[in-house]
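Visitor: I'd like to learn how to read a few features of this model. Could you take me through them one at a time?

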Amino acid sequence: MGDEMGDNFISLEEQEEYRTMTAMRFKTEKEGFLFYNRYAKEKGFSVRKNYIRRDPITAAVTHRQYQCSREGHRKEVYMEAANRSREPKALTRCGCNALFEIKLDKKKGDWFVVKYVAKHNHPLAKSDEVAFLRSHRTISNAQKANILELKEVGLRQHQVMDVMERHHSGFDATGFVSRDLYNYFTRLRKKHILGGDAERVIKYFQWRQKHDMEFFFEYETDEAGRLKRLFWSDPQSRIDYDAFGDVVVFDSTYRVNRYNLPFILFVGVNHHGSTVIFGCAIVADEKVATYEWILKQFLDCMYQKHPRGLITDGDNAMHRAIAAVMPDSEHRLCTWHIEQNMARHLRPDMLSDFRALVHAPYDHEEFERKWVEFKVKHKGCEDNQWLARMYNLRKKWATAYTKGLFFLGMKSNQRSESLNSKLHRYLDRKMSLVLLVEYYEHCLSRMRYREADLDCKASQSIPFTSNDASLTEKDAARIFAPAVFKKLKLVIAKSMDWEVIDCVEEDNLVKYVISMKGDSEMLQILNCTYMESTMKSINCTCRKMDRECLPCEHMVAIMHHLKLDAIPEACIVRRWTIKAKHMFPSDRYGEVYTWSDQMERYRRLRSMGTEVFFKCSVSKETTLMVMEMLEKLDLETDECETNNSDLTLCGHVLAQSSRTDIESHDKVIDAYIMLIKDMQCESPRENGTAFLESTAHCQAWKTNGEQIGTRNKQYQDKRAKVTAKYLQHDMIFLPLNRNSTHWYVAVLNGAKEKIQILDSMRMDKSYYDKDKDLNNTIKGIEKFIQYARLEDEVENKWKNTKITNWPFCPMKVPQQSDSWSCGLHTLKFIQHWNGKELSPEFNEMDTTTTFKHKVAANLINSTMNEVIEVQQDIKRLVTEANEGN
Ligand SMILES: [Zn+2]
Ligand SMILES: [Zn+2]
């Protein structure tokens with residue numbers, strides 16, 4: 001029957017739909033589109049934005065048409081299939097007339113429907129196909145933010161897609177498909193490269209250096225401005241080198257594929273036997289001069305501390321650079337690398353014999369003899385260039401020659417270590433430098449996380465030793481890192497095979513001869529020096545201690561012989577103990593990157609939301625309730641969201657500090673200044689009365705100084721009143737901020753006619769003379785002082801009010817030794833400067849610990865604190881704690 005009625009039949013249902021659709025009114029054009037697109041999703045077609053008309057004067061959109069994406073036909077010119085490299089895309093257009101048209105009602109200010117065609121001339125997509133239609137696929141800003149996070153931790157594209165689909169319960173609800181994700185990443189990469197990949201990296205490093213004086217980085221460019229060499233190392237890497245820089249692996253086998261640039265890592269091993277990274281470099285070539293440059297940067301960075309042992313892969317240019325720059329370091333080739341090359345350069349039947357040459361502990365003559373045998377046995381190998389070169393380098397790889405050298409028992413570049421190999425796998429991909437640095441830092445933070453975890457275990461527990469374990473073993477468990485203790489346990493077990501057979505004493509030197517039980521031919525000789533019966537040094541002919549910094553079984557045998565209840569200091573090298581890093585406070589924060597403010601806020605909301613949502617998902621009712629609330633909130637905040645889909649919105653930012661959140665400090669500083677004012681009641685200090693200014697006012701002075709003119713009369717009067725107060729004091733304390741990164745104090749000293757600078761990172765006088773912000777601040781104040789003096793006859797203690805003529809005098813005050821405590825120093829200076837020097841109380845408490853806590857405690861307990869609940873809570877806690885005792 002339907003066929004008979006043909007196209008003209010309209011069902012009741014369709015009539016009803018037509019009425020509803022045409023009666024719709026929308027607040028905005030966007031709302032109209034969203035409505036039609038939602039409708040299209042339900043029906044099974046995709047929407048194309050088609051027709052647009054604008055107001056001739058305001059250029060605002062007044063008229064808009066949306067069509068089914070299958071409208072029209074492909075243009076004739078595109079229908080020629082010939083001369084095409086790619087197969088033409090399938091035809092999607094079929095002249096469908098379905099559309100929806102809306103127009104702005106200028107009187108009412110909303111939008112109404114002018115035209116609506118419901119009918120399509122093609123079958124519609126089924127509900128499980130709709131997700132693939134173009135207009136129903138978008139990656140929202142929130143999704144982009146999540147995607148970037150996942151990408152950063154090293155997930156591949158398809159993994160990112162899997163996670164996103166899981167989050168949304170399936171591909172049909174995700175809102176985009178893997179093709180869109182792929183396109184998004186392609187655009188992202190292009191953006192990185194267009195923005196100057198290398199420049200971005202350098203800018204980032206410059207920014208880090210500015211914010212953290214301990215961040216080291218150097219680079220060189222060629223005449224065309226292209227990056228030639230780059231070396232960097234962050235503060236924690238430098239600390240690690242100080243603790244574990246005795247052996248360094250110079251690993252140049254990584255490649256940044258996009259540019260085929262060598263990516264060079266300086267790697268070491270920590271007290272847990274895991275990899276630490278000391279620094280890295282990216283270079284444009286592999287010439288001797290380039291390697292020399294890298295090594296020199298490395299030494300500059302590490303305060304010229306040379307490593308004792310150096311392990312490298314087999315590059316000739318590098319050997320020459322090492323000989324020139326680090327001539328005293330013992331150098332060997334990485335066995336992992338030799339294994340790789342063996343497979344490439346030798347016949348399979350030669351491999352096991354060659355392996356013996358590499359690893360067997362022959363003496364020199366034995367090795368030479370074995371080498372000749374090898375050549376005789378494997379005919380035809382005389383022509384092998386690689387073998388010839390390896391022979392020349394034999395002292396750098398054959399155990400026969402390297403066994404006496406200092407490598408802590410390391411032979412290879414530790415590539416097998418899981419994190420390092422993860423880095424390696426990932427780096428083989430075609431990545432931009434920006435991504436490389438991001439990923440490198442991510443890996444670094446994971447390594448540090450692991451170390452902190454192991455440190456925690458080591459400090460909070462002691463490895464198990466059985467009741468009958470020797471005192472030496474029990475002591476070793478307390479002293480050495482657990483991984484090292486495991487090794488030592490074997491050594492201790494082996495020591496039982498030895499016995500002391502002779503002992504010669506001579507002054508402070510004792511010579512022990514020990515032999516293997518049941519084999520009196522096996523001898524070792526140990527020399528010990530004593531001072532007042534304490535062992536001061538111990539040497540063994542096996543020299544294991546010299547090579548690996550660990551006591552050998554022979555030393556342990558002596559300890560047992562002497563019935564020592566503790567391991568002598570002479571047998572303990574700090575680098576393997578749990579105290580290896582105690583000299584150096586670590587800085588192993590979890591997140592290397594700083595994300596945009598919005599991203600940080602989003603994360604806060606998200607982690608809170610996740611908890612709440614999970615709780616609410618327990619029942620249908622609470623779920624619905626939350627959904628309703630969120631929908632309402634979504635509508636209310638719709639206008640807040642900008643259309644700015646810029647990456648800085650959802651990604652991390654390069655130009656922001658993570659650890660010194662300077663912007664939020666000013667509120668704390670101002671609050672504390674109020675407290676000091678309150679406590680000191682303006683009672684005069686030793687050299688006169690002090691006026692403490694707030695950071696907010698200082699900011700205003702700076703702006704006043706920048707600008708010409710003094711704005712309106714009302715403003716003038718207000719500011720002049722402030723300066724009038726200044727003139728009644730001997731000293732004005734100004735908390736100032738340098739480049740938004742550093743706090744310091746300037747004191748206008750009226751009696752001395754000087755501007756005293758109290759700065760925990762003191763600069764030369766010439767620096768302050770040139771500092772624009774500082775000069776503008778002074779200029780701003782002077783402007784209004786003159787104004788105040790003209791207006792009224794104000795009381796004035798200052799003889800000379802032309803303060804721009806007063807010299808800047810940086811005062812000798814304690815300096816900060818970290819990168820973050822400038823704000824605390826500033827507060828302490830404000831509290832204790834008396835116009836001439838810091839009062840004795842200044843040194844009574846440590847700035848970064850006690851004083852820091854005192855600031856917080858004072859702020860909370862102050863009578864000026866308006867959040868009384870917190871105070872009450874604390875008082876209650878204290879009372880409870882006291883009663884409990
Ligand atoms: Zn259609
Ligand atoms: Zn020994």
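Visitor: What arrangement do the four donor atoms around the zinc ion (ligand 1) make?

Guide: A word on the ground rules before that. This is a predicted model, in which local features need pLDDT of at least 70 and side-chain atom pairs count only at pLDDT 80 or more, while totals for chains, interfaces and linings use all residues. Residues are numbered from 1 along each chain as its sequence is written, chains are lettered from A and ligands numbered from 1 in the order in which they are written, and side-chain values use heavy atoms, with hydrogens and water left out.

Guide: Now the general idea. Donors are N, O and S atoms within 2.8 Å of the metal (3.2 Å for Na, K and Ca), and since water is not among the atoms, sites may look incomplete. Four donors count as tetrahedral if all angles lie between 85 and 135 degrees; four count as square planar and six as octahedral if opposite donors are over 155 degrees apart and all others between 65 and 115, and anything else is irregular. The ideal angle for four tetrahedral donors is 109.5 degrees. Here the four donor atoms subtend angles of 99 to 119° around the zinc ion (ligand 1), so the arrangement is tetrahedral.

Visitor: Which residues are the protein donors of the zinc ion (ligand 1)?

Guide: They are C68 (SG), C96 (SG), H120 (ND1) and H122 (NE2), at 2.0 to 2.2 Å from the ion. Along the chain their spacing reads C-x27-C-x23-H-x1-H. Because C96 is in the loop between strand 3 (61-68) and strand 4 (99-104), and H122 in the loop between strand 5 (111-117) and helix 4 (141-152), that pair ties together parts that are 26 residues apart in sequence. Helices (H or I, at least four residues) and strands (E, at least two) are DSSP runs, numbered from the N terminus.

Visitor: Are C96 and H122 buried or exposed?

Guide: Buried means under 20% relative accessible area, exposed over 50%, and partly exposed in between (1.4 Å probe, protein chains only). C96 has a relative accessible area of 1%, so C96 is buried. H122 is buried too, at 12%.

Visitor: How are the donors of the zinc ion (ligand 2) spaced in sequence?

Guide: The pattern there is C-x1-C-x9-C-x1-H. C542 sits in the loop between strand 16 and helix 21 (544-548) and H554 in helix 22, so this pair joins parts that are twelve residues apart in sequence. The donors are C540 (SG), C542 (SG), C552 (SG) and H554 (ND1), 2.0 to 2.3 Å from the ion. With angles of 106 to 113° among the four donor atoms, this site is tetrahedral. C552 is buried at 2%, and H554 is buried at 5%.

Visitor: How many disulfides does the structure hold?

Guide: Zero, where a disulfide is a pair of cysteine sulfur atoms within 2.5 Å.

Visitor: What should I look for in phi?

Guide: Most residues other than glycine have a negative phi. Q304 is not a glycine, but has a positive phi of about 65°. Q304 belongs to the loop between helix 10 (288-301) and strand 11 (309-312). E532, also not a glycine, has a positive phi of about 45° and lies in the loop between strand 15 (519-531) and strand 16 (534-540). Q304 is partly exposed at 43% relative accessible area, whereas E532 is exposed at 74%.

Visitor: In which sense do strand 20 and strand 21 pair?

Guide: Two strands pair if DSSP finds at least two bridges between them. Strand 20 and strand 21 (residues 742-749) are antiparallel over eight bridges, with N737 opposite W743 in strand 21. Strand 19 (residues 690-692) pairs with strand 20 in the parallel sense over three bridges, and L692 stands opposite F733 in strand 20. Seven of the eight residues of strand 20 (residues 731-738) are buried.

Visitor: How many aromatic pairs are there?

Guide: Rings of Phe, Tyr and Trp (its six-membered ring) pair if their centres lie within 6.5 Å; planes under 30 degrees apart count as stacked, over 60 as edge-to-face and the rest as tilted. By this rule there are 47 aromatic pairs. The ring centres of F33 and Y66 are 5.3 Å apart with planes at 55°, so that pair is tilted. F33 and Y66 are both buried.
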